[in-house]
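User: I am new to this structure and should like to learn how to read its strands and helices. Could you guide me through them?

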Amino acid sequence: MFKYCSLYSGSSGNSFFVQSDTTNLIIDAGVSLKKIDTALEKININGENINAILVTHDHIDHTKSIASLSKKYNIPVYANKKTWSAIPNIATKIPDNLKKIFNISETFSIGDIKILPFHTPHDAADPCGFNLYNSNKKISIATDIGYISEELLNYLKDSSGILLESNYDPEILKYSSYPYVLKQRILSNTGHLSNLSAAKTLVKLYNSGLEKALLVHLSKENNFPELVYQTIKNETLNCKNLSFDIAPRDNPSDFFEVV
Ligand SMILES: [Zn+2]
Ligand SMILES: [Zn+2]
C-alpha cells in the first residue's frame, strides 16, 4: 500500500499526508495544530503513529504548527539547513533530538519510504519538493514552484502519483485586487505555478507513467476549483488513464493510492 492525500491546501495553509504499509509521513504543517488534529481524526490516523514531518520550505503556510505537532506526538521534523535557519522562532520550540537535517539531492529513508529531496524554484530560503519511493512506486510532492525547469521535470518523471501546485489563473490575477508587486512575485520564476503550467506538466508526466494527480495550493483570490478542473480536463483530453482531483481548502482530500 502506498497512498497520499492533502489534509489542507491553499495559500492559507498546507499539510499533506503519505502512507505506506508501515510508515506515516506528514509533509508541511501550515495550519494550526487543532486543524491538523481534526484532519487526522477525519482520515482515521492517530498522531502517535506519525513517523516524521517533512518540511518543503520556511513559509508560514507550510510551517505554522510543525513545532507544536512535533512536541505533542514526539515526531521528528526533517528540513534542510537553510530552512531551519530561516525559522529560528519555530526551531527553538522543537527539542534538539527531534530536529533532523537532510541535504537536497541526497536520498534518506524513514521506515519503508525512501525520500529524495529536489530543488524547487521559489522565493524561500532553500525550497524543495520530495520524491517518495515504496515498493517500486514513486509519489512526488511538488508545490510552491515558480516554473517547471528541465531539472525539476526530470525529478518528477516516472512518478505514478503526484501532488502538484495549481495556484492561479493569469487572467484572474491580472484583474485581482492584489498589489502590483505581489502580482509580479506570483508570476515570476520564483513565485507560483499557474493552472495551465500545471496542466501541461501533467501531460508531459503522463508519458512517463503518471496515473494520479492531486492539484493543490489554489489561490483563494486568483483561482477557483471549477477553473482548475476545466483547465486540466481540456489539456489532458488524450491522457485517458489519468485520474485527477483538486484538494479542498479546509478538508482532507480523498486518498490516491498508487498500485
Ligand atoms: Zn505556500
Ligand atoms: Zn511558499
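Analyst: The following turns take up a strand, its neighbours and a helix in this predicted model.

User: How does one judge whether strand β2 is enclosed or open?

Analyst: One counts neighbours: a residue is buried if 20 or more other C-beta atoms lie within 10 Å of its own. In strand β2 (residues 15–20), six of the six residues are buried, so this strand is largely enclosed by the rest of the structure.

User: Which residues of β2 lie on each side?

Analyst: Ser-15, Phe-17 and Gln-19 are on one side, and Phe-16, Val-18 and Ser-20 are on the other. Both faces are covered.

User: Which strands are joined to β2 by bridges?

Analyst: Strand β1 (residues 2–8) runs antiparallel to β2, with six bridges between them; here Lys-3 stands opposite Gln-19. Strand β3 (residues 24–27) is also antiparallel to β2, through four bridges, and Leu-25 in β3 is the bridge partner of Val-18.

User: How many residues lie between the strands in each hairpin?

Analyst: The hairpin of β1 and β2 has six residues between its strands, and Gly-10 there takes a positive phi near 150°. Three residues join β2 to β3 in their hairpin.

User: How should one read the buried residues of a helix, such as α3?

Analyst: An α-helix has 3.6 residues a turn, so residues three or four places apart point the same way. In helix α3 (residues 66–73), the buried residues include Ile-66, Ala-67, Leu-69 and Ser-70. Among the elements that cover the buried residues of α3 are α1 (33–42), β4 (52–54) and α5 (88–91).

User: What backbone feature comes just after α3?

Analyst: Asn-74 takes a positive phi of about 60° there.

Definitions and conventions: Residues are numbered from 1 along each chain as its sequence is written. Chains are lettered from A and ligands numbered from 1 in the order in which they are written. This is a predicted model: local features need pLDDT of at least 70, side-chain atom pairs count only at pLDDT 80 or more; totals for chains, interfaces and linings use all residues. A residue is buried if 20 or more other C-beta atoms lie within 10 Å of its own, exposed if 12 or fewer, and partly exposed in between; C-beta atoms are placed from the backbone. Helices (H or I, at least four residues) and strands (E, at least two) are DSSP runs, numbered from the N terminus. Two strands pair if DSSP finds at least two bridges between them. Two residues are in contact if their C-beta atoms, placed from the backbone, lie within 7 Å.
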